[in-house]
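User: I'm new to this one and would like to know where the labels come from. Could you show me the structure and take my questions one by one?

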Amino acid sequence: WYQRRVHGDGTRKVTVLRCLVSVLRKPKSSKRLKGRVMFALRQLCQDSSRLDETVSDQMMRSAISEITIFLRGNPTAVDDFTTSAVMLLALLSQKKANLLKMAEKGVLHILDKLLLLNRDGMHVLTDSIMQMHSRMEQALEDAARLKATAQSSSDEDEEGAERPPPSSEGECESSDDDGAGF
């Protein structure tokens with residue numbers, strides 16, 4: 001059912017990815033099928049440097065949604081299906097834009113819960129969760145720093161527009177009434 005079509009730049013057609021994502025979005029698809037689809041998506045996307053943004057958004061939403069549903073059921077351990085979903089998110093988190101979107105959707109909280117569930121579980125999953133957690137925190141810090149820098153530069157621009165130009169006589173301005181100039 002999968003035909004591999006390669007373009008001049010070596011990328012596969014996005015339609016295959018969209019087809020697999022559509023399986024994830026169908027509520028009647030079994031958990032076992034969705035787990036295998038997530039595994040297949042991860043394998044297909046590993047060597048793809050150009051991943052369509054809409055496809056990655058849909059994969060991310062589906063994986064986050066399925067993990068959230070899994071966590072609502074008060075699980076005692078992480079199952080294969082959730083492992084596939086986390087590994088898919090880990091792959092998608094390699095792009096900074098995806099990391100920020102995941103953070104907006106509350107994935108840090110989800111990762112914390114999964115770490116608690118996987119205490120005695122697979123080390124590969126724990127490593128992936130911790131790496132994703134670290135990258136997400138770093139991306140959030142970078143975004144906050146950029147926002148603060150942009151805010152401070154716009155504040156400086158506004159202050160510069162309100163201030164009168166400095167005196168050309170070389171005098172120092174002072175708010176003191178004693179005339180000392182400092």
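User: Among contacts in the protein chain between residues at least 6 apart in sequence, what percentage join residues at least 24 apart?

Analyst: That comes to 67% of those contacts in the protein chain. A contact here means heavy atoms within 4.5 Å. Before we go on, this is a predicted model, where local features need pLDDT of at least 70, side-chain atom pairs count only at pLDDT 80 or more, and totals for chains, interfaces and linings use all residues. Residues are numbered from 1 along each chain as its sequence is written, and side-chain values use heavy atoms, with hydrogens and water left out.

User: What makes up the secondary structure of the protein chain?

Analyst: Seven helices and zero strands. Going along the sequence, you read α-α-α-α-α-α-α. The helices (H or I, at least four residues) and strands (E, at least two) are DSSP runs, numbered from the N terminus.

User: How many of the residues in the protein chain are buried, as a percentage?

Analyst: Of the 182 residues, 34% are buried. The label goes by relative accessible area: buried is under 20%, exposed is over 50%, and partly exposed is in between (1.4 Å probe, protein chains only). As for the accessible surface of the chain, it comes to about 12100 Å², with 52% belonging to carbon and sulfur atoms. Those areas come from the Shrake-Rupley method with a 1.4 Å probe, and for residues only the protein chains shown count as cover.

User: Why is Met102 called buried?

Analyst: Its relative accessible area is 0%, so Met102 falls under the 20% limit and counts as buried. Met102 sits in helix H5 (residues 96-104). Leaving aside neighbours within four places in sequence, Met102 is in contact with Met60, Ile64, Leu89, Leu92, Ser93, Val107, Met132 and Met136. Take Met60: it is 42 residues from Met102 in sequence, yet the C-alpha atoms are 7.7 Å apart.

User: What makes Leu111 buried?

Analyst: Leu111 has 1% relative accessibility, which is under 20%, so the label is buried. You'll find Leu111 in helix H6 (residues 107-117). Not counting neighbours within four places in sequence, Leu111 is in contact with Ile129, Met132, His133 and Met136. Leu111 and Val86 are 25 residues apart in sequence, with 8.7 Å from C-alpha to C-alpha.

User: And Asp57, is that one buried or exposed, and how do you know?

Analyst: Asp57 has 19% relative accessibility, and because that is under 20%, Asp57 counts as buried. Asp57 belongs to helix H3, and its contacts beyond four places in sequence are Asn98 and Lys101.

User: Leu71 is buried, but what relative accessible area is behind that?

Analyst: The value is 15%, under the 20% limit, so Leu71 is buried. Leu71 is also in helix H3. Outside the residues up to four places away in sequence, Leu71 touches Ile110, Lys113, Leu114 and Leu117. From Leu71 to Ile110 there are 39 residues in sequence and 8.2 Å in space, C-alpha to C-alpha.

User: Why is Ala77 called partly exposed?

Analyst: Ala77 has a relative accessible area of 42%, which lies between 20% and 50%, so partly exposed is the right label. Ala77 is in the loop between helix H3 (53-72) and helix H4 (80-92). Residues up to four places away aside, Ala77 touches Phe70 and Leu117. The C-alpha atoms of Ala77 and Leu117 are separated by 5.3 Å, though the two are 40 residues apart along the chain.

User: What makes Asn74 exposed?

Analyst: At 65% relative accessibility Asn74 is over 50%, so Asn74 counts as exposed. Asn74 lies in the loop between H3 and H4. Asn74 also has a positive phi of about 50 degrees although it is not a glycine.

User: How do H2 and H4 pack, at what angle and with what distance between their axes?

Analyst: Helix H2 (residues 31-46) and H4 pack at about 25 degrees, with axes 8 Å apart. That makes H2 roughly parallel to H4, because angles under 35 degrees count as roughly parallel, over 145 as roughly antiparallel, 65 to 115 as roughly perpendicular and the rest as oblique. The axes are lines fitted to C-alpha atoms, for helices over the stretch in contact, and angles run from 0 to 180 degrees between N-to-C directions.

User: Which residues make that contact?

Analyst: H2 brings Lys31, Lys34, Gly35, Met38, Phe39, Leu41, Arg42, Cys45 and Gln46, while H4 brings Phe81, Ser84, Ala85, Met87, Leu88 and Leu91.
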